[in-house]
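Me: I am new to this structure and would like a close look at one part of it, the second largest cavity and what surrounds it. Please take it slowly and explain each term as it comes up.

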Amino acid sequence: MRERARRREQLDTLNRLNRIGQDVTHAVITTSTRDDLIRAVCEQFANSELFRFAWVGGVDHAQDRVAPLAADGIDLNDLTPVQITADDETSPLKSISTAVQTQAVQVAVSGNGTTKVEPWHPERETPAYRSSASVPIIHEGLLYGVLNVYAASDSVFSTSAVETLSRLGEVIGHAITAIERKEALVSDMALEFKFELVGVLEEVITLTNESEARVDVDHFTKSSDGLLSFGEIYGIAREEFQAAIEQTPLVDLLHLNHSGNDVYNFELVTTLGDDFLAAIATHGGRITGATIANTTFQFVVEFPTGPDKRPLIELVEEHCPNVQPVAQRTVERSVTTGSSIRSAVEGELTEKQYTALKTAYLAGMFEWPRENTGEEVATQLGVSAPTFNEHLRIAQRKCFDVVFDDTAKETLPGHSP
C-alpha cells in the first residue's frame, strides 16, 4: 500500500514536471532574447507547487565560477557567484560545481530537515528547501549555464524527473543557440578568433620557410568526401606543392592551375576538420580563412557575439586537439549593397543549391575556357551529373530572380508587363 502511494506520488510529480516543461517550451517559442528566456524559465519553476525557487547562473570560465543571471522565488541580490571547485566535497554548493564539470544533472537532498540558503546570506529570511537539482544548459557540447531548482520535498527528483530535466536543459540550450544565431544575422559585430594548428600538414608547412612562400585558403565547402577547400599558393614551385600534398595523409589535391607569375589556384579535399566545420556551424560559426606562412599554420573562426567567449574557444579546442589560441577580437561586419544581395541570394537557396553554385564558381566552371566541367564538379561533390545540373540551374535561376526582378524587366525594350 505504501509502495503504491509512493509510485502515485512520483507519477503525479512527473506529470507536473512535464507540464512545466511544456510551459518552458512555450516560453522558448515566445521569447526573443536570452535574458527574457532565462527569466521566463525561472518563473515557470517558481510558480509551480513542486518548487520553492529557481535561478539560472552563467558560467564565468575566466574566474571559474557560476554567476547568477536570473531568479524567481528568491531575490537575485541574495545570490552571489558560486565558485567552481574540483575537490571540495564538503561544499554545500558542490552539486552546481559538479554539474558544470560533468555537464550532467546533479541532485542534492538535505536529509531529514530543511535547509536555508546559508551559503549566500544566512542573515536574511530566504526560502527553505529539502532538495535541489542543478541542470546544465547545453547544446552540442557548448555549456551556456546552469539552471538550479529547489523543492520543498526530498522525493521530487526521481530518475525519470532527472531525465526530464536533462532534456529540458538541452531544449533551453538549443533555444539560446537559435537566439544568438538570429541576433548575429542583424548584428554588425562578430567575434573573431585566430588559432595556430600544429602537427598537421607538416609537409606543406615546411615549404613556407622562404619569406615570399605562402598558402592561403579562403573558401571551404562541405562535400560528400569531406571538406572541399579552395585557395592560392605563392612563391612555391608547382611540383614541390604537388609532392608535399601527395605525402600528406587524408588530403587529396584535385586541381592546381597557374593564374599568373608565381601564383597558383588550387582545389583540394580533406577529411581533416570535417566534424569541426559542422560543430562550429551549429553555433553560428564559420571559418573565414586559413594561412600557411613562415612555417606556421593559422586559421580564423568567426562567431556571433555573446557574453562568454571561453566556451567557443573550448569548442574549437575539443575538435582540434592540436590547436592553440593566438588572438581574439570583436570585429565590425561591413554592410554593403553587395553583402545585402548576397544575403538575399543565400536566403533563397537550399543548402544543396548553394553548395552546387559555390563549388561550380570556385572550380572555374564559369571561366572561359572552363577550368572544370559539370561532370567533374559533380564528381567532386559525390553526386550524379544530372542531380548537380538540376541544383545548379535552379540556383542560377534564383540568383537572376534576385538581381533581375520584375521592375528590371519592365525597362527592357519591347517588354510589356
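Reply: What follows starts with how far the model can be trusted, then turns to the cavity, and then moves outwards to other parts.

This is a predicted model, in which local features need pLDDT of at least 70 and side-chain atom pairs count only at pLDDT 80 or more, while totals for chains, interfaces and linings use all residues. Residues are numbered from 1 along each chain as its sequence is written, and side-chain values use heavy atoms, with hydrogens and water left out.

The pLDDT is the predictor's confidence in each residue, from 0 to 100; its mean over the chain is 80, and 83% of the residues reach 70 or more. Over residues 114-119 the pLDDT is below 50, and beyond near neighbours in sequence this stretch has 19 contacts in the model, a contact being heavy atoms within 4.5 Å. The pLDDT is also below 50 over residues 406-417, a stretch with five contacts in the model beyond near neighbours in sequence.

The structure holds two cavities of 30 Å³ or more. On a 1 Å grid over the protein atoms alone, a cavity is a set of points where a 1.4 Å probe fits but cannot get out, whereas a pocket is an open set with protein on both sides within 12 Å along at least five of seven lines, and lining residues have an atom within 4 Å of a point. Grid points are joined across faces, edges and corners, and a volume is the space filled by probe spheres set on the points.

The second largest cavity contains about 30 Å³ of space, and its lining is made up of Arg34, Ile38, Val56, Gly57, Gly58, Leu69, Ile137, Tyr144, Gly145 and Ile176. Helix H2 and strands E1 and E6 are the elements that give two or more residues to this lining, and the largest share, three residues, comes from E1. Helices (H or I, at least four residues) and strands (E, at least two) are DSSP runs, numbered from the N terminus. By class, this lining divides into six nonpolar, three polar and one charged, where Ala, Val, Leu, Ile, Met, Phe, Trp, Tyr, Cys and Pro count as nonpolar, Asp, Glu, Lys and Arg as charged, and the others, Gly among them, as polar.

Val56, one of the lining residues, lies in strand E1 and is buried, with a relative accessible area of 2%; buried means under 20% relative accessible area, exposed over 50%, and partly exposed in between (1.4 Å probe, protein chains only). Leaving aside neighbours within four places in sequence, Val56 is in contact with Ile38, Cys42, Ala67, Pro68, Leu69, Ala70, Ile137, Val146 and Leu147. Val56 and Val66 are 10 residues apart in sequence, and their C-alpha atoms are 9.0 Å apart in space.

Helix H2 (residues 34-46) has 13 residues and reaches 19 Å from its first C-alpha to its last, close to the 18 Å expected at 1.5 Å a residue, the expected span being 1.5 Å times one less than the number of residues. Its buried residues are Arg34, Leu37, Ile38, Ala40, Val41, Cys42, Phe45 and Ala46.

Strands E1 (51-60) and E6 (142-151) are also among the elements that cover the buried residues of helix H3. Seven of the nine residues of H3 (residues 94-102) are buried, so this helix is largely enclosed by the rest of the structure; the buried ones are Lys94, Ser95, Ile96, Ser97, Thr98, Ala99 and Val100. Just after H3, Gln103 takes a positive phi of about 55°.

Tyr144 lines the second largest cavity and is also named in the lining of the largest cavity, together with Leu142, Glu180, His283, Phe303, Pro304, Thr305 and Leu312. The largest cavity holds about 50 Å³ of space, and its lining has five nonpolar, two polar and one charged residues. His139, in strand E5, counts as buried at 12% relative accessibility, and, apart from neighbours within four places in sequence, His139 is in contact with Tyr144, Gly173, His174, Thr177, Thr282 and His283.

For an open space, one can turn to the second largest pocket, which has a volume of about 590 Å³. Its lining consists of 31 residues, of which Leu197, Leu201, Leu272, Gly273 and Phe297 lie nearest its centre, and by class the lining has 22 nonpolar, seven polar and two charged residues.
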